[in-house]
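Subject: Structure handover

Hi there,

Here is the structure I promised to pass on. Please have it open while you read, and my notes on the helices follow below.

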Amino acid sequence: MNRSKLRENIFKLLYTAEFQEKEEMPKQMSLYFTYSDDNDEDEEVTVSEKDQTYMEEKYRHVTEHIPEIDEMLNRTSEGWKTTRMGKVDLAILRLAVYEMKFDEDVPVGVAINEAVELAKRFGRDQSPSFINGILGKLAREEDEK
């Protein structure tokens, strides 16, 4: 799987976690890796062990940093606290902020661009500009430090 597809799957796991108890996520992940949403027949599909491990680890790393990430988002987004944000936008933002602040393998510009692309595909009409605005402001604040 390429990086964009891996990122999309991690976003979907983060989104799914918004509707599950924390204890349920291992089972949900197992089901997620067994059945593809691209598959109309609900047939089993195979996700390589390497890709599955990568997605599980990145999901875990993002969720471990959610308090810090949400604090950054709440500080940066004027009038839009994380409790008011749509679940799709929030999952995209959390993944992007994690990549911008904690993942040295992902350049800031790539994290922002990929987040906007996810927002175009999965978000509402205003999601791409909303996400781009928050992430751009966060990146500028970091550059000023």
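**How the helices pack**

In α1, the residues R7, I10, F11, L14 and Y15 meet K87, V88, A91, I92, L95 and E99 in α5. Contact here means heavy atoms within 4.5 Å. By class, this contact of α1 with α5 has eight nonpolar, no polar and three charged residues. Ala, Val, Leu, Ile, Met, Phe, Trp, Tyr, Cys and Pro count as nonpolar, Asp, Glu, Lys and Arg as charged, and the others, Gly among them, as polar.

Before going on, some background. This is a predicted model, in which local features need pLDDT of at least 70 and side-chain atom pairs count only at pLDDT 80 or more, while totals for chains, interfaces and linings use all residues. Residues are numbered from 1 along each chain as its sequence is written, and side-chain values use heavy atoms, with hydrogens and water left out. Helices are DSSP runs (H or I, at least four residues), numbered from the N terminus.

Back to the first pair: helix α1 (residues 3–17) packs with α5 at an angle of about 125 degrees, and their axes are 9 Å apart. Axes are lines fitted to C-alpha atoms over the stretch in contact, and angles run from 0 to 180 degrees between N-to-C directions. That angle makes α1 oblique to α5; under 35 degrees counts as roughly parallel, over 145 as roughly antiparallel, 65 to 115 as roughly perpendicular and the rest as oblique.

α5 also packs with α6, at about 165 degrees and with the axes 9 Å apart. α5 is therefore roughly antiparallel to α6. The contact of α5 with α6 has 12 nonpolar, no polar and one charged residues.

One residue to look at is K87, which sits in helix α5. Is K87 buried or exposed? K87 is partly exposed, with a relative accessible area of 36% (buried means under 20%, exposed over 50%, partly exposed in between, with a 1.4 Å probe and protein chains only). Leaving aside neighbours within four places in sequence, K87 is in contact with Y15, E18 and F19.

Finally, α7 covers residues 127–144. Its buried residues, among them F130, I131, I134 and L138, pack against α4 (66–76), α5 (87–102) and α6 (108–122).

Happy browsing, and do write back with any questions!

Best wishes

Notes:
Helices (H or I, at least four residues) and strands (E, at least two) are DSSP runs, numbered from the N terminus. The expected span of a helix is 1.5 Å times one less than its number of residues.
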